[in-house]
Amino acid sequence: MDFSWLTDPFYQKALWTGFVNTLWLVAVSAVCGFALAVVFAVTRLRGPRPLAMLVTGVTTVVRGTPLLVQLFFFYDGVGRLLPEIPGVRESLVWPLLRDPFFYGALTFTLSVGAYTGEVLRGALLSVPEGELAAGRAFGLNRWQILYRLWLPRAIQMCLPTLTGELILLLKSVPLVSTIALMDLLKAANMVRDETFLVYEPLLLIAGIYLALTLVLTSVMRLTEQRFPGARPAAPKRRRLLPG
């Protein structure tokens with residue numbers, strides 16, 4: 001095993017840039033995707049019928065097509081079509097629209113919104129109607145019931161599934177190596193192409209992703225335990241010694 005290339009400042013910078021971009025993609029896509037999932041779930045359950053049908057169509061398309069195809073669609077399709085629209089290059093959002101990070105985050109946000117939206121919709125349907133009726137009996141209006149009772153209860157019920165979705169998002173980020181965005185896999189491929197080392201760069205980023213997965217799992221497990229309304233962990237039973 002040869003890891004001497006790790007002392008090269010050029011490869012160090014590439015790995016660090018890929019690591020930072022990976023964290024930013026996960027953070028931005030998770031936050032924006034969850035917000036979109038809430039909108040999708042609530043719209044399908046309580047929204048106007050035309051909007052509910054639109055959300056159903058978007059969810060079906062996103063979940064029914066490969067994530068890599070969606071990434072190419074936004075980056076190579078939409079990304080090349082927008083500059084042809086008059087006034088786009090002169091607009092204030094042009095620096096954002098020409099950044100590959102935007103298209104990666106957009107793709108992952110839609111994916112998280114579609115998949116997590118279905119998970120959250122199922123959790124919302126699982127909340128007992130009696131709890132919502134109790135909220136109405138206390139004089140809460142529809143919005144107060146949603147963000148103070150219905151939504152927190154549903155999130156509590158599907159937190160383990162949300163942990164899995166977050167880990168899947170982290171493992172989907174290497175797909176951006178196929179576009180002009182530096183991530184951990186793209187940095188590893190750069191090392192492989194220039195040093196002809198195959199296993200060392202891949203083992204390194206595999207270890208980094210494994211460490212990130214363990215950290216995310218620990219954070220989400222702690223969140224499950226401290227989430228409002230969560231049941232405290234049962235104390236361990238001590239075995240009594242005879243005599």
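Select S177 to begin: apart from residues up to four places away in sequence, S177 touches D183, L185 and K186. The model on display is a predicted one. S177 itself is found in the loop that joins α7, residues 142–172, to α8. Is S177 buried or exposed? With a relative accessible area of 14%, S177 is buried, because buried means under 20%.

**The whole chain**

Now zoom out and display the protein as a cartoon. The secondary structure consists of nine helices and zero strands. Reading from the N terminus, the order of elements is therefore written α-α-α-α-α-α-α-α-α.

Next, show the C-alpha atoms alone. Along the principal axes, these atoms fill a box of roughly 80 × 65 × 30 Å. The radius of gyration of the protein is 22 Å, whereas a compact globule of 243 residues would have a value near 18 Å. Of the 243 residues, 36% are buried. Consider also the contacts between residues at least 6 apart in sequence: 76% of them join residues at least 24 apart.

**Helices α1 and α8**

Two packed helices are described by the angle between their axes and the distance between the axes. Select residues 9–46, which form helix α1, and residues 184–195, which form helix α8. Their axes lie 7 Å apart, and the helices pack at an angle of about 160 degrees. That angle makes α1 roughly antiparallel to α8, because angles over 145 degrees count as roughly antiparallel.

Show the side chains where the two helices meet. On the α1 side are F10, Y11, A14, L15, G18, F19 and T22. On the α8 side, select L184, A187, M190, V191, E194 and T195. How many residues of this contact are nonpolar, polar and charged? The contact of α1 with α8 has nine nonpolar residues, three polar residues and one charged residue.

**The loop after α8**

Move along the chain to F196, in the loop between α8 and α9, the latter covering residues 199–226. The phi angle of F196 is near 60 degrees, a positive value in a residue other than glycine. F196 has a relative accessible area of 71% and is exposed, because exposed means over 50%.

**Y209 in helix α9**

Continue into helix α9 and select Y209. Y209 is buried, with a relative accessible area of 11%. Which residues does Y209 touch, not counting residues up to four places away in sequence? They are T22, L170, V173, P174, D183 and L184. Two of these names have appeared in the contact of α1 with α8: T22 belongs to α1 and L184 to α8. D183 is likewise touched by S177, where the tour began.

Add I167 to the selection. Y209 and I167 are 42 residues apart in sequence, and their C-alpha atoms are 9.8 Å apart in space.

**Helices α6 and α7**

For the final stop, select helix α6, residues 129–137, together with α7. The axes of α6 and α7 come within 11 Å and cross at roughly 160 degrees. This crossing makes α6 roughly antiparallel to α7. Helix α6 passes α7 in a right-handed crossing.

Display the side chains of E131, L132, G135 and R136 on α6, which make the contact with I145, L149, W150 and R153 on α7. By class, the contact of α6 with α7 comprises four nonpolar, one polar and three charged residues.

Key
Residues are numbered from 1 along each chain as its sequence is written. This is a predicted model: local features need pLDDT of at least 70, side-chain atom pairs count only at pLDDT 80 or more; totals for chains, interfaces and linings use all residues. Side-chain values use heavy atoms; hydrogens and water are left out. Axes are lines fitted to C-alpha atoms, for helices over the stretch in contact, and angles run from 0 to 180 degrees between N-to-C directions. Helices (H or I, at least four residues) and strands (E, at least two) are DSSP runs, numbered from the N terminus. Angles under 35 degrees count as roughly parallel, over 145 as roughly antiparallel, 65 to 115 as roughly perpendicular and the rest as oblique. Contact means heavy atoms within 4.5 Å. Ala, Val, Leu, Ile, Met, Phe, Trp, Tyr, Cys and Pro count as nonpolar, Asp, Glu, Lys and Arg as charged, and the others, Gly among them, as polar. Buried means under 20% relative accessible area, exposed over 50%, partly exposed in between (1.4 Å probe, protein chains only). A crossing is left-handed if the near helix is turned anticlockwise from the far one by less than a right angle, and right-handed if clockwise. The radius of gyration is taken over C-alpha atoms; the globule rule is 2.2 Å times the number of residues to the power 0.38.
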